[in-house]
Amino acid sequence: MDKRVVFDFEIEFTNGGGIQGQDFRLDINSDTISDTELADFIIADLRLLMVGKVNILNKKYIEEKHKRTIKREFSDPRFIDLSHVIFDGLITYKGLPAPIICDYLSREKSKSNYEEGTEFQIVKIEMVTNTGTYIDCPFHRFENGKDLSEVELGAFANLDAITVFVPDVLSIDASYFQNLELRNKAVMVRTDWSIHWNSDQYFENHPFLTRDAAEYLRDCNVMLVGIDSHNIDDTRGKSRPVHTTLLGSEILIVEHLCNLDKLPQTNYQFSAVPPKFKGAGTFPVRAFATLPY
């Protein structure tokens, strides 16, 4: 026997009128499903437009043999999440402290502040800005460079992007970027090193770009360079020519990306937007790609 949800619904339209449905049945793959997911499914399944308020009524779960095969996809396939999860105790860079994520106000303690049945949680986070998947702005490298608050929003969001796949290469030089359309693009350097994330191997002998690669990308006037590795520079020494070259030309850097294997080579957009902090040159981002319809 398979799990199904049975429910009624009422849908109002923003241009007037509405429709109702009774005893609607839907196959589900889990024990429960939210009202929002049901509303989204009904709207998509019936191809409705101008939808306003949706009420899901009399919802219940039953087990019976499926009578209708439905492929449900509630996440939007146009969006690909390229960020690692940040959790309490995560080590992103050896020598830097892990984030501390804890309650400042717990749900239990908040109950005394509100009427019965109302509770909130407020989280306290203590961390360095080089945590998880993060973006570097010029201020990270240069005292007089632009910080997070000074970089225009257009430099972070909806950038035309290209994926450059460089497997099993330690030192990625300029030759890997030749004969590609790079101008004004966000360049995603896919190494697949992210499979070692949150392990000791992630920090050692990781792929990196060379100085001549950074200079070539700079000369091609790219907008941003991202990599799914521990660092865009070679961390075995003290020199950081890639950071110096790119950030010195106001080309942003995103490090510790993931899921680059899910991206096409071209014809998508990249976004990685940080908070608008003054006096900070790097910060975690929710990096993602947007595919066309």
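Just after helix α4, E250 takes a positive phi of about 60°. The model is predicted, so that local features need pLDDT of at least 70 and side-chain atom pairs count only at pLDDT 80 or more, while totals for chains, interfaces and linings use all residues. Residues are numbered from 1 along each chain as its sequence is written, and side-chain values use heavy atoms, leaving out hydrogens and water.

Helix α4 covers residues 241–248, and 6 of its 8 residues are buried, so the helix is largely enclosed by the rest of the structure. Buried here means under 20% relative accessible area, exposed over 50%, and partly exposed in between (1.4 Å probe, protein chains only). Helices (H or I, at least four residues) and strands (E, at least two) are DSSP runs numbered from the N terminus. The buried positions of α4 are P241, V242, H243, T245, L246 and L247. They pack against α3 (211–219) and against the strands β7 (134–136), β11 (208–209), β12 (224–227) and β13. Contact means heavy atoms within 4.5 Å.

The largest nonpolar core holds 26 residues. Such a core is a set of buried Ala, Val, Leu, Ile, Met, Phe, Trp, Tyr and Cys residues joined through side-chain atoms within 4.5 Å. L82, I135, M188, L224 and F270 touch the most other members. At least two residues of this core come from each of β8 (159–165), β10 (186–190), β13 (252–255) and β14 (268–271). A second, separate core has 22 residues, including I162, A213, I232 and L247. In soluble globular proteins, nonpolar side chains tend to be buried together.

No disulfide was found: a search of the whole structure gives 0. A disulfide is a pair of cysteine sulfur atoms within 2.5 Å. The sulfur of C137 lies 20 Å from the closest cysteine sulfur, in C258, too far for a bond. C258 is likewise in no disulfide. C137 is buried, with a relative accessible area of 0%. C258 is buried too, at 8%.

Overall, the protein has 4 helices and 16 strands. Its C-alpha trace spans about 65 × 50 × 40 Å along the principal axes. Of the 293 residues, 41% count as buried. Among contacts between residues at least 6 apart in sequence, 72% join residues at least 24 apart. The exposed area is about 16500 Å², with carbon and sulfur atoms supplying 48%. Accessible areas come from the Shrake-Rupley method with a 1.4 Å probe; for residues, only the protein chains shown count as cover.
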